[in-house]
Structures are given as C-alpha cells and as structure tokens.
Amino acid sequence: MTAQGTHALEVLPLTWGVLIISLLVTAIISVLVVSGILLRRVPSGGPIPPVARTGSGMRWIYIGVGLSTIVLFGTAVWTMRVLAAVISPPAEPAFTVTVDGRQWWWRIRYHETRDTPEFITANEIRIPVGVPVRIRLTSTDVIHSFWVPALSGKTDLIPGRINETWIEATAPGVYRGQCMEYCGWQHARMGFVVVAMEGAAFDAWRASQVLPASEPQNAAIAEGKRIVMTHCCACHTIRGTEAGGSAGPDLTHVASRLTIAAGTFVTDRTTLEYWIRHPQRAKPGNRMVDPDLDLEATRLPAAYILKLR
C-alpha cells in the first residue's frame, strides 16, 4: 500500500498500525490456545481430569484485560486524531467537482470557476498537483462508494443525498479509483482514474474541455459522425452537435480520456470498435444496446469518436 495524497498520508499509518496490532493479537491468542492444548492434553484412553482452579490464573486475566484496554484506548485516540486531520482539507479547495454514481459509470461535473465555465466529463477526474479539490458525491440509482486508495478514504454516494470529501495529490500520476459498495452486476467494472497533473498542464486540459467537439476533417470522419448522430445522440451528449442525451457519458472529448467503459478498457481504436459493436458482450447488463452494425460500419463511428479530443 502506498499513499500519494495528503488525505491518504494520514490514513495509511493508521491502517498499518491497526493491521499490525490485529496480527499480533491473532498470533498471541493462537500461541496461548495451542500451548493450552499441548500442555493440558489428556492421555489417550485416560480419564478426563476434573477442572482445577489452581495457580495464578486471575493474574494473567488482569494483565490481559489491562493490556487490551491500553491498546484499544490508544487505537481509539489515534483514530480520532486521524479523523480530525482528514475531515477537512488543509486549505480552501481550488474548485469543486460533483461525482454522480450511476450503474455502472461516473458522471463528472466540474463546477464553474472565475476562469472556466462548467463542463461535464465521465469516468476520469483530473486535478492539479498540490491543490485540494472538493468532491461532492451523489447517486442517481443505488448506493455506490467512491474510493481512490492512493489519495483518499471511502465515501458513499447515496441517492437523494450529497456527501462531501476532498482529494489532493502530492505527485503527478494516474491513480485508480473504484466503486466499493456492491451496486449490481457490473460493480467490479465500475472504475475510474484520477490524473494528477502539474498546474500548467491542468490549466491547458481544463481550457480544452470547455470547447465544443471538433468538426470532421474528411468525408470518412463525416460519415462516422452521421452514424454516431443516428445511433448515439439519444443517450449521449456531444457539445456542438445535435447529440444531447444524458443517459450515457458525455462524449465531447471522450478520446482524451485514458479509458472507456468506466475503466474497463484502455482508449484505443481496437477496444473502441469492440465496445461500439458489442457493448453487452463487453460489459453485460449496461444500458448501451448493441447497435446492429457490421465491422466495417463500426470503424467509421470509432474513427470519428477518436477525433473527439
């Protein structure tokens, strides 16, 4: 286990500490049980001796209870200190991101700031290094749980309620996140990534995300766009086009994301063509229907979507 975020750096030592204490307690109890079995073993076929209360047994009970109380009290104090440290960020968050959990993907909304209007993306959160970011969590359908092990602890997403947490990365990198509350068939494939970037790179990315989708540059890409508008516009939004659906992820800049299908596949031509042609085979139970396109017809919309950067 490693920590690359301010939040996680506080939690990780507690995690290791409680784990080590638990292992020591398990080892001590195991040794005592095995010792008791071996030292008090009844000879085979012999009579069972009566229970005798001799020796200084109560002294060991007092010692055990005393040590357990000290360890439990120390762990409770340590836990309270960590909770107090992570309940709020060390500085005012630079901006707010709302994460809406849906079966089985994440709708990501960046709130308006003084420099950038609001925009929506999916399954990928980008943040600047060394800056705390407020994360508001909600759900459209069932309970989900937001967890980025290297950056923060787990926080539930509950329908009709807004919970808040925060994340801050101490180093650039790509950090895997996962839904940690069982939410149905494809729970295990409800992932996302957090990409921590240097400030200038993040500003450039954010400025690109508010732009509309790029226009096709040749006839083949234009045909791919036509197919996407025919089959996809009812469920997906592509800003700058007639596609304005909200049942599925916003595709305006989908090719700029590292993964598709909520972390299921790396974004490239092969996986995108497979996802478009066989969404129910790739991720059974998701809301995307098979489009009834042959392989050649799948290549054209995939080529158009790969231009949406």
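Tutor: Let's start with a cut-off: a residue is buried under 20% relative accessible area, exposed over 50%, and partly exposed in between. We'll apply it to this structure, which is a predicted model.

Student: Sounds good. What makes Asp250 count as buried?

Tutor: Its relative accessibility is 9%. That value falls under 20%, so Asp250 is buried.

Student: And how do we classify Arg239, as buried, partly exposed or exposed?

Tutor: Arg239 has 22% relative accessibility. The partly exposed class runs between 20% and 50%, so Arg239 belongs there.

Student: Why are Arg239 and Asp250 said to meet in a salt bridge?

Tutor: The side chains are 3.5 Å apart, N to O. The limit is 4 Å between a side-chain nitrogen of Lys or Arg and a carboxyl oxygen of Asp or Glu, so the pair qualifies. Arg239 and Asp250 are 11 residues apart, and each sits in the loop between α4 and β11 (259-260).

Student: How many salt bridges does the structure hold?

Tutor: There are 12. One of them joins Glu215 to Lys225, with the closest N and O atoms 3.4 Å apart.

Student: What does that pair tie together?

Tutor: Glu215 is in the loop between α3 (199-209) and α4 (219-231), while Lys225 is in helix α4, so the bridge ties together parts 10 residues apart in sequence. As for accessibility, Glu215 is partly exposed at 45%, and Lys225 is buried at 16%.

Student: How do you know that Glu273 and Arg269 form a salt bridge?

Tutor: Their closest N and O atoms are 3.9 Å apart. Since the limit is 4 Å, the pair counts. Both residues lie in helix α5 (residues 269-277), 4 residues apart, which is about one turn of the helix. Glu273 is buried at 13%, and Arg269 is partly exposed at 42%.

Student: Which residues are linked in a network of salt bridges?

Tutor: Glu92, Arg134, Arg136 and Glu164.

Student: Let's turn to the nonpolar residues. Which residues have the most contacts inside the largest nonpolar core?

Tutor: Val99, Trp106, Tyr110, Phe146 and Val194, in a core of 32 residues. Elements giving two or more residues to this core include β1 (96-102), β2 (105-110), β5 (133-139), β10 (191-197) and α3. The largest share, 6 residues, comes from β10. A second, separate core has 21 residues, among them Val228, Ala261, Ile276 and Leu308.

Student: What makes Val99 and Trp106 eligible for a nonpolar core?

Tutor: Core members are buried residues of a set that includes Val and Trp, joined through side-chain atoms within 4.5 Å. Val99 and Trp106 are both members of the largest core. Beyond its neighbours within four places in sequence, Val99 is in contact with residues including Trp106, Ile125, Ile135, Leu137, Phe146 and Leu157.

Student: Now the helices. Why is α4 called roughly perpendicular to α7?

Tutor: The axes of α4 and α7 (residues 295-305) come within 7 Å and cross at roughly 100°. Angles of 65 to 115 degrees count as roughly perpendicular, so this pair earns the term. The contact is made by residues including Ile221, Lys225 and Val228 of α4, and Leu300, Pro301 and Tyr304 of α7.

Student: Which classes of residue make up that contact?

Tutor: It has 11 nonpolar, 1 polar and 2 charged residues.

Student: Is Pro301 buried or exposed?

Tutor: Pro301 is buried, because its 3% relative accessible area is under 20%. Apart from neighbours within four places in sequence, Pro301 is in contact with Gly224, Ile227, Val228 and Ile276.

Student: How do you know that Ser256 is on the buried side of the cut-off?

Tutor: Ser256 has 18% relative accessibility, and the cut-off is 20%, so it counts as buried. This residue lies in the loop between α4 and β11.

Student: Last one: what is notable about the phi of Asn123 and of Ala262?

Tutor: Phi is near 60° for Asn123, a positive value in a residue other than glycine. For Ala262, phi is near 55°, also a positive value in a residue other than glycine. Asn123 is in the loop between β3 (119-122) and β4, and Ala262 is in the loop between β11 and β12 (265-266). With 6% relative accessibility, Asn123 is buried, and Ala262, at 1%, is buried too.

Note on methods
Residues are numbered from 1 along each chain as its sequence is written. This is a predicted model: local features need pLDDT of at least 70, side-chain atom pairs count only at pLDDT 80 or more; totals for chains, interfaces and linings use all residues. Side-chain values use heavy atoms; hydrogens and water are left out. Buried means under 20% relative accessible area, exposed over 50%, partly exposed in between (1.4 Å probe, protein chains only). Contact means heavy atoms within 4.5 Å. Axes are lines fitted to C-alpha atoms, for helices over the stretch in contact, and angles run from 0 to 180 degrees between N-to-C directions. Angles under 35 degrees count as roughly parallel, over 145 as roughly antiparallel, 65 to 115 as roughly perpendicular and the rest as oblique. Ala, Val, Leu, Ile, Met, Phe, Trp, Tyr, Cys and Pro count as nonpolar, Asp, Glu, Lys and Arg as charged, and the others, Gly among them, as polar.
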